[in-house]
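Colleague: I want to learn to read a few features in a model. Can you take me through them one at a time?

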Amino acid sequence: SKLFVDEIVHQSSQGSGTITIGASGETVALASGATQSGFSTPSRYFHGYSGTSNQSFTSNAITKLTLINNVIQSNTSYDTSTQKFTATADDVGDWLFQGQISVYVNANNMYKFRLQVYKNGSADFGTYFYEDGGTASGGRHRTGTIRSVITVAENDYFELYGYAVGTSPEFVGGDGNGYRQCNFTGVKLD
């Protein structure tokens, strides 16, 4: 059956009560072409990503990614000139951050690899790869992804860093095997 109405208002509180639509286990869907408004959706986010250029860096040195110079964002202040997200008063709260880097070395000798998100100039969270034996006989191309929920205060800033040991390492922006290979994303959760 169909219900045709212009407005649904809680009968006893005239707008301040709870109205339940659907039951546990059911899906509530909008018809094709319909739009929604007034529902909570992530309103503060950024997604910074690399283009097709690579960034060379020194082997065995933690390095800030500077090739993430494209951004999709809503109500945030990710700065493509500094590759840094700086929180405003409206950004205070819990955020989900995710970083990804892709590293290439000029020989099959990458045996250490690290990815970290820095908060206010210091490593906050990250991951690493270490080839068993610690010799220069590792891989040529590695990609790593990390994510974490972080409580953000006003003026906190976040940056993406990487590290590798191997011959002539580069962060890969994109190539024929994929684009946006290095990226940094933040979404406010509350």
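Colleague: Which strand pairs with β1 in the antiparallel sense over 5 bridges, on the β13 side?
Modeller: Two strands count as paired if DSSP finds at least two bridges between them. In this predicted model, β1 and β13, residues 183-188, pair in the antiparallel sense over 5 bridges. Take one bridge: Gly-48 has Phe-184 in β13 as its partner.

Colleague: How many bridges join β1 and β4?
Modeller: There are 5, again in the antiparallel sense. Here β1 covers residues 45-49 and β4 covers residues 70-74. Tyr-49 stands opposite Asn-70 in β4.

Colleague: Back to β13. Is Thr-185 buried or exposed?
Modeller: Compare the relative accessible area with the cut-off: under 20% is buried. Thr-185 has 18%, so Thr-185 is buried. This residue lies in strand β13.

Colleague: What does Thr-185 touch?
Modeller: Leave out residues up to four places away in sequence, and the contacts are Phe-46, His-47, Leu-96, Phe-97 and Gln-98. With His-47 there is also a polar contact, side chain to side chain, at 2.6 Å.

Colleague: Now cavities. Which residues line the largest cavity?
Modeller: A lining residue has an atom within 4 Å of a cavity point. Here the lining is Lys-64, Leu-65, Ile-68, Tyr-78, Gln-83, Leu-160 and Phe-184. Phe-184 is also the bridge partner of Gly-48.

Colleague: What classes of residue make up that lining?
Modeller: By class, 5 are nonpolar, 1 is polar and 1 is charged. The volume of this cavity is about 40 Å³. The structure holds 1 cavity of 30 Å³ or more.

Methods:
Residues numbered from 1 in each chain as written. Predicted model: local features only at pLDDT ≥ 70, side-chain atom pairs only at ≥ 80, totals over all residues. Heavy atoms only, no water. 1 Å grid on protein atoms, 1.4 Å probe; cavity = no way out; pocket = protein on both sides within 12 Å on 5 of 7 lines; lining within 4 Å. Points joined across faces, edges and corners; volume = space filled by probe spheres on them. Nonpolar A, V, L, I, M, F, W, Y, C, P; charged D, E, K, R; others polar. Helix = DSSP H or I, 4+ residues; strand = E, 2+ residues; numbered from the N terminus. Buried < 20%, exposed > 50% of the residue type's maximum accessible area, 1.4 Å probe, protein only. Polar contact = N/O pair within 3.5 Å; in protein donor to acceptor, adjacent residues only side chain to side chain. Contact = heavy atoms within 4.5 Å.
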